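Student: I have a model open. Can you show me how to read a helix and a strand in it?

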Amino acid sequence: MTDATVVTPRAAAPEPAAIARLASPRPRAFELFVWLLPAAAYFLFPDHLALGVTIMTYAVAVLGLDLVLGYAGIVSLGHAAFFGIGAYTAGLLAVHGWREPLSGLLAAGAVALVAGFVSSFLVVRGKDLTRLMVTLGIGLVVYEIANQASAVTGGVDGLSGIGMDPILGLFAFDFYGRTAWWYAYAVCLAVFVYLRFVVSSPYGLSLAAIREGSARMPALGASVDGRLRIAFTFSAGIAGIAGGLLAQTTQFVGVDALSVTRAADFLVMLVLGGSGRLYGALIGTALFMIAREYLADLNPVYWEFWMGAMLMAAVLFARGGIVGALFRLPALRGRFGRGSR
Amino acid sequence: MIRRSFLAGCTAIATLAAMPSAGPAAAAADTVKVGVLLPLSGPFSQYGRQMQNGIALFLKQHGTSVAGKTIELVVKDDGGIAPDRARRAVQDLIVRDKVDVLAGFTFTASAMAAAPMAKEARKAMIVMNASSSGITAASPYMIRVGQTLPQITEPAGRYAAGQGFRSIYTVVADVTAGHDAEAAFIRGVEAGGGKVSGSLRVPAQNPDFAPFVQRIKDAKPDAVFAWLPPGEAAIGFIKEFDQRGLAAQGITMLGTGDLTDELTIMQTGDAGLGVVTTGHYSMAHPSAMNTEFVASYLADYPQDKWPNFLSVSAYDGMAALYLGLEKTGGDASGPALAGALAGASFESPRGPIRIDAATRDIVQTVYVRKVERVGERLMNVEIHEFPESRDTAAAH
Amino acid sequence: MNALPGLLFDGLAYGSLLFLVSIGLSITMGLMNFINLAHGAFAMIGGYASVWFSHRFGMPFLATLPLAFAVAGLAGLIAERVLFRHLYRASHLDQVLFTVGFVFSSIAAATYLFGSAQQSVSLPAALQGQVQVMGVDLGRYRLFLIGAVVVLSAGLGLLMTRTRFGAQVRAAVDNRDAAEGLGLNVGLVFSLCFGLGTGMAGLGGALGVEVLGLDPGFALKYMVYFLLVVVVGGAGTLSGPLVASMLLGVCDVAGKYYLPQAGAFIIYVLMIVLLLAFPKGLGLGRPSLSRLPLSILVRRRA
């Protein structure tokens with residue numbers, strides 16, 4: 001675990017000015033505005049809190065996926081496994097009497113982290129398609145294990161009876177999802193800030209360097225596999241936190257939380273928003289979920305047609321995801337381009 | 001310090017936000033809004049389709065007004081077995097659409113994820129298909145009109161025990177429902193004094209049944225009980241069973257009604273002949289009400305071919321709602337409807353059914369049926385019945 | 001009675017099925033380096049074409065097979081000219097997103113056109129039941145599938161190695177710019193190649209209906225299997241997916257027979273092990289045992 005220390009940000013370390021400018025974790029003014037948007041949505045659309053909670057929950061998982069796909073360049077179709085492991089951890093803890101939410105959430109992240117660490121040895125080998133299939137295989141195996149252990153997990157019928165204590169002993173989860181909303185918002189913001197520090201640390205920059213050309217990194221004396229394994233492990237932990245959040249806010253865990261469909265959804269959300277950019281993960285998740293909800297309400301039977309059309313149009317007209325396309329606009333590139341990665 | 005003031009700020013904001021939407025206001029006094037949750041897209045959209053047809057058929061036959069109220073539907077898609085989507089949809093139905101009654105619920109996971117919300121909001125939940133045992137305990141306002149898995153499975157075991165089979169095998173999909181079916185069947189066989197000689201669990205998604213069917217063939221039992229997810233798994237198993245000549249070898253296939261539902265045997269063709277299943281609805285059920293139901297269904301939904309247990313359960317769910325509203329004089333609140341329907345009994349296309357007074361669960365006749373050719377079509381012809389069947393696992 | 005010969009046969013037949021439904025993907029994804037997750041959608045088009053022609057016009061099953069190839073191939077050709085052509089130079093992730101979108105839309109379109117019910121084909125009597133050869137019961141349709149693999153893989157092999165079109169494809173794939181410089185109409189070659197891949201997908205889909213069933217979810221449901229065969233085998237080769245599908249088929253069938261409890265895991269675990277041992281695929285790579293997970297235990301980090 002000595003490598004893990006690399007992750008901690010070293011803001012005080014002397015760095016060339018160019019690098020500092022490229023990758024500063026310091027927030028800029030427009031970012032505060034961006035983070036006020038969901039808060040505004042809370043007041044403007046008080047009837048859509050449930051959707052808001054779901055978006056922010058998935059956004060956490062997609063942020064985790066972004067670390068491994070967007071920054072480390074590993075295509076993972078197995079992140080639902082860690083998401084589901086986190087969900088079952090938090091859910092089972094609550095069902096068996098441990099109803100304190102924050103520690104439950106941390107436990108969810110920790111168990112997923114361990115699972116991610118074990119899997120990371122299989123994942124870092126091979127290239128794109130191989131990694132995609134290996135992560136997919138891990139996801140399928142974990143799904144089957146949870147499915148067959150229906151006495152513990154509830155299997156397809158799901159795990160119900162998850163009751164939560166008030167957060168910090170103060171804020172009880174309510175019917176409308178108000179507490180859940182602020183809880184999810186806080187977790188999402190915390191994960192975002194954490195990842196912001198990670199990706200702008202020397203370690204985060206070395207991940208980008210590996211993604212751009214892994215052959216050169218060993219020449220610089222960097223262990224490629226080790227760094228990728230750390231990225232995968234932490235990414236899995238974050239997905240686990242997202243899963244824990246899902247279990248705690250919906251008070252239910254279904255085996256579908258582990259499904260390949262869920263993993264594919266995460267991937268689609270990230271690519272739609274723009275991988276390699278933390279805001280891409282957030283915007284992609286929000287856009288995907290809002291579009292799905294809106295289209296499914298419009299036409300509950302054939303909404304998938306329009307969803308598919310939207311994804312295809314996004315690729316044809318916004319190559320590199322929504323955020324990627326935005327940053328290619330000349331007006332924006334000049335102003336906000338720096339540090340977008 | 002900073003954290004504390006941030007949290008205090010959050011509370012203040014949360015209290016403010018609570019003001020404008022101070023609770024689901026009651027819908028207009030003369031309408032009853034029914035939120036219907038069905039899988040209309042995704043791998044189980046066929047289920048949703050059948051159920052939607054059943055609901056529409058009932059409304060067409062009985063009109064949209066009952067006990068001085070007008071019935072208004074809000075239909076939502078849960079996309080299949082996706083409990084978090086189901087829960088969100090139900091929350092939206094209650095908070096945003098302000099429905100009075102919830103209905104649908106094709107899968108246990110959806111029903112169980114929604115139950116705490118329905119309980120807190122005191123909304124009646126008419127469960128039309130979700131069939132795991134004992135789920136009505138999750139909310140005092142939940143009423144089940146479909147079937148329960150042990151209810152239709154245990155009679156298969158008791159019937160098998162009475163047929164003089166020397167050895168019986170079970171094959172179930174390795175999912176919760178499969179495990180439950182296996183247990184209920186074995187319980188039924190043992191209650192009838194028989195014994196199950198071997199059990200096989202197969203993956204739910206399994207493109208090729210050859211190795212499992214071959215295993216059964218080599219074990220040479222007298223009968224095989226199967227529970228498999230409807231769709232390509234059930235069809236694939238029945239076809240492979242036939243192709244390998246197990247029926248010709250004298251092995252009887254037993255199952256629950258969903259193994260040979262009307263849509264499945266339409267696809268298996270003659271391979272389905274002779275399969276014996278226990279279930280609550282057959283299109284061939286001889287009653288005037290069913291004859292009329294089938295005729296109207298075929299006339300209105302020719303593209304969806306034949307009605308099956310899902311259409312009937314949805315039809316009956318609406319019948320239960322109308323009956324309940326008549327009894328309460330139009331009061332659609334959860335406690336009133338659940339109270340009115342507990343112990344109620346009425347006639348369905350499947351035969352007489354009753355809602356248990358204590359558990360609000362379905363009590364009905366379970367029929368033993370055999371797939372036979374009737375005219376042009378394959379039909380589940382009823383050959384024996386187990387009246388007053390209950391959700392046995394919950395009773396234990 | 002010895003179960004082994006029968007299991008071997010069933011395994012080869014299952015492998016044949018996997019090969020037939022996946023080989024089109026080896027062409028579009030492997031050869032053309034286009035991450036084509038829409039493969040299942042074209043297989044579904046072929047399946048529906050076969051069912052539609054036989055139900056609507058009463059055509060026999062075998063006669064619908066060429067039509068399934070033609071319809072899916074044509075659909076692929078049109079889709080390539082209109083849509084996919086723009087994506088050859090896009091990133092793999094954009095290709096994934098686009099083809100996933102295509103699958104979503106095609107599922108809804110299939111539901112709209114054909115309903116969400118399962119469809120089935122009616123096999124001729126000659127392809128039903130079993131025939132006994134040297135004391136082993138062989139399914140007739142399974143024999144037919146194995147025969148189809150022999151014919152199709154020989155045909156595809158000849159097409160790619162012995163014909164002018166094959167040479168053009170190989171040239172265009174190896175070095176697009178050089179091929180264009182030599183006056184080759186690379187755009188047309190790619191379109192035809194894509195059409196061939198989707199046509200094969202359609203043929204595989206039609207042949208698979210009897211075993212896999214057919215409903216609008218087909219496009220998505222079996223995607224894992226298509227990818228599995230092509231990636232384990234090595235994208236872009238013919239022999240790789242052939243070896244991979246036979247190996248996976250035999251192991252899966254034998255595993256499910258002898259260890260039914262582990263039935264759901266066998267194919268996935270085998271996939272992971274094969275991918276780690278042959279990261280470039282069975283068709284291209286030499287075994288690299290040092291890549292097996294166990295080697296972590298014995299090898300020191302550099």
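Tutor: We take one helix, then one strand and its neighbours. The model is predicted: local features need pLDDT of at least 70, side-chain atom pairs count only at pLDDT 80 or more, and totals for chains, interfaces and linings use all residues. Residues are numbered from 1 along each chain as its sequence is written, chains are lettered from A and ligands numbered from 1 in the order written, and side-chain values use heavy atoms, with hydrogens and water left out.

Student: What span does helix 3 of chain A reach?

Tutor: Helices (H or I, at least four residues) and strands (E, at least two) are DSSP runs, numbered from the N terminus. Helix 3 of chain A, residues 49-71, reaches 31 Å from first C-alpha to last, close to the 33 Å expected. That expected span is 1.5 Å times one less than the number of residues.

Student: Is helix 3 of chain A largely enclosed or not, and why?

Tutor: Buried means under 20% relative accessible area, exposed over 50%, partly exposed in between (1.4 Å probe, protein chains only). In helix 3 of chain A, 23 of the 23 residues are buried, so the rest of the structure largely encloses it.

Student: Which way do the residues of strand 4 of chain B point?

Tutor: In a regular strand, side chains alternate between the two faces of the sheet. Here B:Val101 and B:Ala103 point one way, B:Leu102 and B:Gly104 the other, and all are buried.

Student: How many bridges join strand 4 of chain B to strand 1?

Tutor: Two strands pair if DSSP finds at least two bridges between them. Strands 1 and 4 of chain B run parallel, joined by 4 bridges. B:Val34 stands opposite B:Val101. Strand 4 of chain B also pairs with strand 5 of chain B in the parallel sense, over 4 bridges.
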